[in-house]
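Colleague: Could you walk me through the charged pairs in this one, and then the helix packing? I have the model open beside me.

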Amino acid sequence: MIDWGQIDTVFLDMDGTLLDLHFDNHFWLEHVPRRYGEARGLAPEVAKSELLKRYRDIEGTLDWYCVDHWSRELGLDIVLLKQEVEHLIAIHPHVVDFLEALAAQGKRRVLVTNAHQKALALKLSRTRLGGQLERIICSHDLKVAKESPGFWALVQEIEPFDLARTLFVDDSLSVLRAARSFGFRWLIAVIEPDSRGPRRQIEGFPAIANFAELLPGLQAASATQPLPRG
């Protein structure tokens, strides 16, 4: 799937890729509607139906991912609500092994996420993944979502990379399509972003269920790497 000898940098999404999307799905589809309904005296199914429409109206925009936007719109402290269920935040299997194998080969590991800064801080605090990354790029700092045409040009200004020698792994097909349009050579989709959800059928991109599928090739590349003499 990947010729690791041709890869210098690996860009990685967070939610659904490194982290189990179950936390986010439970939070937005169950926890927020419950708290929203309680605050307004709405039946759970009524609250959920109202929120799903509001989510869809701005899906894929920067506001869709913005904690501050939803706090204002819903009259709820979204960060506090996330903390109520933060025990559900979990790293996908084999992620740490994969990140360590990348480091052993000298590959640059960069997190590229649409998560809002406040959500990002909570998840990094909970998982300690920050120590396994050379850089973290947040779309809210660039003021452009990853799906947007101008996103990767802005990334190149602060994190120069070679499109032919950079791998990007994400669970969002719209994000991967935007990356392909920009010229990425190496792209991988994640089939099982939510450990409790169904396995997806992916068309148009190489795909993995988890990072265990990439480890043999990565480790084999390390074993065959020429050693300096003298």
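**Salt bridges and a helix pair**

Modeller: Arginine 109 and glutamate 134 are joined through their side chains in a salt bridge, at 2.8 Å from N to O, and I should say early that this is a predicted model. Arginine 109 belongs to strand S2 and glutamate 134 to the loop between H6 and strand S3 (135-138), so the pair ties together parts that are 25 residues apart in sequence.

Colleague: Is arginine 109 buried or exposed? And what about glutamate 134?

Modeller: Arginine 109 is buried, at a relative accessible area of 6%, whereas glutamate 134, with 40% relative accessibility, counts as partly exposed.

Colleague: Which residues are joined into one network by salt bridges that share partners?

Modeller: That network consists of Asp13, Lys146 and Asp170, and the structure holds 17 salt bridges.

Colleague: What does lysine 123 pair with?

Modeller: Its side chain meets that of aspartate 24 in a salt bridge of 2.8 Å, N to O. Lysine 123 sits in helix H6 (residues 117-127) and aspartate 24 in helix H1, so parts that are 99 residues apart in sequence are tied together; both lysine 123 and aspartate 24 are buried.

Colleague: Switching to packing, at what angle do H1 and H2 cross?

Modeller: The axes of helix H1 (residues 22-40) and helix H2 (residues 44-57) cross at roughly 120° and come within 9 Å, which makes H1 oblique to H2. The crossing is right-handed.

Colleague: What kinds of residues make up the contact of H1 with H2?

Modeller: The residues of that contact divide into 9 nonpolar, 1 polar and 4 charged, and among them are Trp28 and Tyr36 in H1 and Leu51 and Tyr55 in H2.

Methods. Residues numbered from 1 in each chain as written. Predicted model: local features only at pLDDT ≥ 70, side-chain atom pairs only at ≥ 80, totals over all residues. Heavy atoms only, no water. Axes fitted to C-alpha atoms, helices over the stretch in contact; angles between N-to-C directions. Helix = DSSP H or I, 4+ residues; strand = E, 2+ residues; numbered from the N terminus. Parallel < 35°, antiparallel > 145°, perpendicular 65-115°, else oblique. Left-handed = near helix turned anticlockwise from the far one by under 90°. Contact = heavy atoms within 4.5 Å. Nonpolar A, V, L, I, M, F, W, Y, C, P; charged D, E, K, R; others polar. Salt bridge = Lys/Arg side-chain N within 4 Å of Asp/Glu carboxyl O. Buried < 20%, exposed > 50% of the residue type's maximum accessible area, 1.4 Å probe, protein only.
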